[in-house]
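Subject: Structure handover

Hi,

Here is the structure we talked about. Please load it and keep it open while you read my notes below.

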Amino acid sequence: MILQNVLLPQFIKVNLEADNKDQAFDELVAFYCNADKSKAYNEIHKAVVAREAKMSTGISKGIAVPHGRTNSVNSLRGVLGISQKGVDYDALDGEPVYLLFMLISPLDDSEKYLRLLQHLAKLMDVPQFQTELQAQTDPQEAYNIIKKYEEIFFSKN
């Protein structure tokens with residue numbers, strides 16, 4: 001159950017205020033650093049922005065998975081932002097995003113990082129997962145949705 005180990009309730013920001021991608025990155029990195037008591041805002045922000053410059057991580061269906069790799073974290077970390085109004089993200093489908101799964105990994109932890117991205121991709125194919133998660137206004141309830149769907153779809157692994 002990879003996602004529920006990374007996106008604990010304290011790393012879930014409901015009511016994301018950002019209007020656009022740059023604001024979302026600022027808000028989510030600051031939220032993560034505050035929750036994790038990290039002083040690596042600049043390094044994390046730079047890693048996420050550098051990855052995004054290669055290609056938009058706004059993949060479709062109202063979901064974005066901004067991510068980056070930096071040695072300013074010692075294990076796979078993440079933060080989920082839930083926007084009720086939508087974020088202008090320059091997504092591949094041109095639509096706003098409502099769920100932003102920001103993932104941060106150490107440079108030498110490629111296997112776990114890629115496994116989490118694959119895991120998340122499978123969950124994003126489940127329409128109910130997105131619908132239920134997007135409706136949440138409480139971090140603990142959002143976490144419970146993640147846990148519920150991981151248990152349904154990955155309990156055999």
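The side chains of threonine 70 and serine 72 make a polar contact of 3.1 Å. Keep in mind that this is a predicted model. Threonine 70 sits in the loop that runs from strand S4 (67–69) to strand S5 (77–87). Its relative accessible area is 10%, under the 20% limit, so threonine 70 is buried. Leaving out residues up to four places away in sequence, threonine 70 touches Glu43, Ile44, Ala47, Ile104, Ser105, Pro106 and Leu107.

Nonpolar cores

The largest nonpolar core has 29 residues. Which of them touch the most other members? They are Phe101, Phe129 and Leu133. Two or more residues come from each of these elements: helix H1 (2–6), strand S1 (12–14), S5, strand S6 (97–105), helix H4 (110–124), helix H5 (127–134) and helix H6 (139–154). Another core, of 22 residues, lies apart from it. Phe11, Leu16, Val29 and Val73 are among its members.

Phenylalanine 101 has a long contact list, again not counting residues up to four places away in sequence. On that list are Leu7, Ile63, Ala64, Val65, Pro66, Val79, Leu80 and Leu120. Phe129 and Leu133 are on it too.

Aromatic pairs

There are four aromatic pairs in the structure. Phenylalanine 129 and tyrosine 149 form an edge-to-face pair, with 5.6 Å centre to centre and 75° between the planes. What does this pair tie together? Phenylalanine 129 is in helix H5 and tyrosine 149 is in helix H6, so the pair links parts 20 residues apart in sequence. Phenylalanine 129 is buried, at 0% relative accessibility. Tyrosine 149 is buried as well, at 5%.

Tyrosine 149 also pairs with phenylalanine 153. That pair is stacked, at 6.2 Å centre to centre and 10° between the planes. Tyrosine 149 and phenylalanine 153 are four residues apart in helix H6, so about one helical turn separates them. Phenylalanine 153 is partly exposed, with a relative accessible area of 42%. Phe129, Tyr149 and Phe153 make up one aromatic cluster.

One charge over a ring to look at: lysine 21 lies over the face of tyrosine 89, at 5.1 Å from the ring centre.

Salt bridges

The count is seven salt bridges. Three of interest follow.

- Glutamate 27 and lysine 13 meet through their side chains, at 3.5 Å from N to O. Glutamate 27 is in helix H2 (residues 21–36) and lysine 13 is in strand S1, so this bridge ties together parts 14 residues apart in sequence. Buried or exposed? Both glutamate 27 and lysine 13 are buried.

- Aspartate 36 bridges to arginine 77, with the closest N and O atoms 2.6 Å apart. Aspartate 36 belongs to helix H2 and arginine 77 to strand S5, so the bridge joins parts 41 residues apart in sequence. Aspartate 36 is partly exposed, at 27% relative accessible area. Arginine 77 is partly exposed at 22%.

- Arginine 115 bridges to glutamate 111, with the closest N and O atoms 3.9 Å apart. Arginine 115 and glutamate 111 are four residues apart in helix H4, so about one helical turn separates them. Arginine 115 is partly exposed, at 38% relative accessibility. Glutamate 111 is exposed, at 61%.

Best wishes

Note on methods:
Residues numbered from 1 in each chain as written. Predicted model: local features only at pLDDT ≥ 70, side-chain atom pairs only at ≥ 80, totals over all residues. Heavy atoms only, no water. Buried < 20%, exposed > 50% of the residue type's maximum accessible area, 1.4 Å probe, protein only. Polar contact = N/O pair within 3.5 Å; in protein donor to acceptor, adjacent residues only side chain to side chain. Contact = heavy atoms within 4.5 Å. Core = buried A, V, L, I, M, F, W, Y, C linked by side-chain atoms within 4.5 Å. Phe/Tyr/Trp six-rings, centres within 6.5 Å; stacked < 30°, edge-to-face > 60°. Lys NZ or Arg CZ within 6 Å of the ring centre and 35° of its normal. Salt bridge = Lys/Arg side-chain N within 4 Å of Asp/Glu carboxyl O.
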